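Q: Please take a close look at one part of this structure for me. I am new to it, so start from a single pair of residues and work outward.

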There are 2 protein chains.
Amino acid sequence: MASNPPAAADALLSAIAFDRDGLVPAVAQQHDSGEVLMLAWMNREALLKTLATGEAHYWSRSRRELWRKGQQSGQRQRLVEIKVDCDGDALLLLVDQTGVACHTGRRSCFYRVERSGALETIRPVAVDPAALYGKPEER
Amino acid sequence: MASNPPAAADALLSAIAFDRDGLVPAVAQQHDSGEVLMLAWMNREALLKTLATGEAHYWSRSRRELWRKGQQSGQRQRLVEIKVDCDGDALLLLVDQTGVACHTGRRSCFYRVERSGALETIRPVAVDPAALYGKPEER
């Protein structure tokens, strides 16, 4: 089941400067198109789960729980590779996103752009969120 | 001088959920190649300066000061557009990066990748940091 045993995470873990809450921001980018899909947070356990399963796991700061991306919605992220930045305080996950990354049903969470003082929505809803979630606050 | 007056930032500012330190993580992505260059932090002032000048400004958490990207190194980031995510707690800056984004002299700060339990450096130093900085801790 594990594509990468926990021991293999030592080098990565030791390079990461987790913040005072034990978290590090993780940017998820679609590996082939380069599209930035979302930013979420990982703790040590989320990182280990991600490496062990090959599927992105995050820490939900609002729900205060570990969360496998797509556990409610089915919109999973298969890990392609994981990069760490120069200071060890940010991660970049290259992933293969199933369907949509955003709980609003859009491919990317970054669907609003600043233009001439207004925020424009530039991405359509690709999947009805009601079809993804039993309850709208879950993702 | 200003490409975007401060008043134009109202819509964007009101969409952002700054954290308890008054900061929001900002991902800088090269606008044409899609390369993720770095993750840094913005406070309200950094965002206003970025919008007003068209050049990326960040808040340095270590130095506790506003910082124009490239102010020491000359490696500026011209703002192309700025996006905000669904929850308003992350920004995506599409930029045109002059030279290298990383203070190590590499194009991107994400130059280390996890492979089989080791961290591999996958990007070369493109510019000698000594040529960019008077002192190595400045960027």
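A: Start with one pair of residues. Ala26(A) has Ala40(A), in β2(A), as its bridge partner. This is a predicted model. The two strands here, β1(A) and β2(A), pair in the antiparallel sense, and six bridges join them.

Now widen the view to the sheet. Six strands make up an open sheet, in the order β2(A)-β1(A)-β6(A)-β5(A)-β7(B)-β8(B). Its pairing is mixed. Note the letters: the order begins with strands of chain A and ends with β7(B) and β8(B) of chain B. At the edges stand β2 of chain A and β8 (118-121) of chain B. Each has a single partner strand, so one side of each is left without a neighbour in the sheet. On average, neighbouring strands of this sheet are turned by 35 degrees against each other, direction ignored.

Next, follow the link between chains from the other direction. β7(A) is joined by two bridges to strand β5 (residues 77-84) of chain B, and the two run antiparallel. Here Arg112(A) stands opposite Val84(B). Val84(B) also has a bridge partner in β6(B), namely Leu91(B). Between β5(B) and strand β6 (residues 91-97) of chain B there are seven bridges, again antiparallel. These two strands form a hairpin, with six residues between them. In the turn, Gly88(B) has a positive phi of about 70 degrees.

The strands are part of a wider contact. Chain A gives 33 residues to it, and chain B gives 33 residues. On the side of chain A, at least two residues each come from α1 (10-15), β1 (24-30), β2 (36-42), β5 (77-84), β7 (112-115) and β8 (118-121). By class, that side has 21 nonpolar, six polar and six charged residues.

How are the two copies related? Chain A superposes on chain B after a rotation of 180 degrees, with 0.0 Å of shift along the axis and an RMSD of 0.0 Å. The two copies are thus related as by a two-fold rotation axis. The same surface serves both: 100% of the contact residues of chain A recur in chain B. Within chain A, Gly34(A) comes closest to the rotation axis, with its C-alpha at 2.6 Å.

Back to Ala26(A), this time for its part in packing. Ala26(A) is among the residues that Leu93(A) touches. Leaving aside residues up to four places away in sequence, the others are Val27(A), Ala28(A), Gln29(A), Ala56(A), Leu79(A) and Ile82(A). In the largest nonpolar core, which has 68 residues, Leu93(A) and Leu93(B) have the most contacts. In soluble globular proteins, nonpolar side chains tend to be buried together.

Last, a helix. In α2 (residues 44-53) of chain A, the buried residues are Ala46(A), Leu47(A), Lys49(A), Thr50(A) and Leu51(A). They pack against α1, β2, β3 (57-60), β4 (65-68) and β5 of chain A. So β2(A), where Ala40(A) sits, appears again as one of the packing partners of α2(A). After α2(A) comes Gly54(A), with a positive phi near 75 degrees.

Note on methods
Residues are numbered from 1 along each chain as its sequence is written. Chains are lettered from A and ligands numbered from 1 in the order in which they are written. This is a predicted model: local features need pLDDT of at least 70, side-chain atom pairs count only at pLDDT 80 or more; totals for chains, interfaces and linings use all residues. A nonpolar core is a set of buried Ala, Val, Leu, Ile, Met, Phe, Trp, Tyr and Cys residues joined through C-beta atoms within 7 Å. A residue is buried if 20 or more other C-beta atoms lie within 10 Å of its own, exposed if 12 or fewer, and partly exposed in between; C-beta atoms are placed from the backbone. Two residues are in contact if their C-beta atoms, placed from the backbone, lie within 7 Å. Helices (H or I, at least four residues) and strands (E, at least two) are DSSP runs, numbered from the N terminus. Ala, Val, Leu, Ile, Met, Phe, Trp, Tyr, Cys and Pro count as nonpolar, Asp, Glu, Lys and Arg as charged, and the others, Gly among them, as polar. Two strands pair if DSSP finds at least two bridges between them. Copies are superposed by least squares on the C-alpha atoms of residues with pLDDT of at least 70 in both. Axes are lines fitted to C-alpha atoms, for helices over the stretch in contact, and angles run from 0 to 180 degrees between N-to-C directions.
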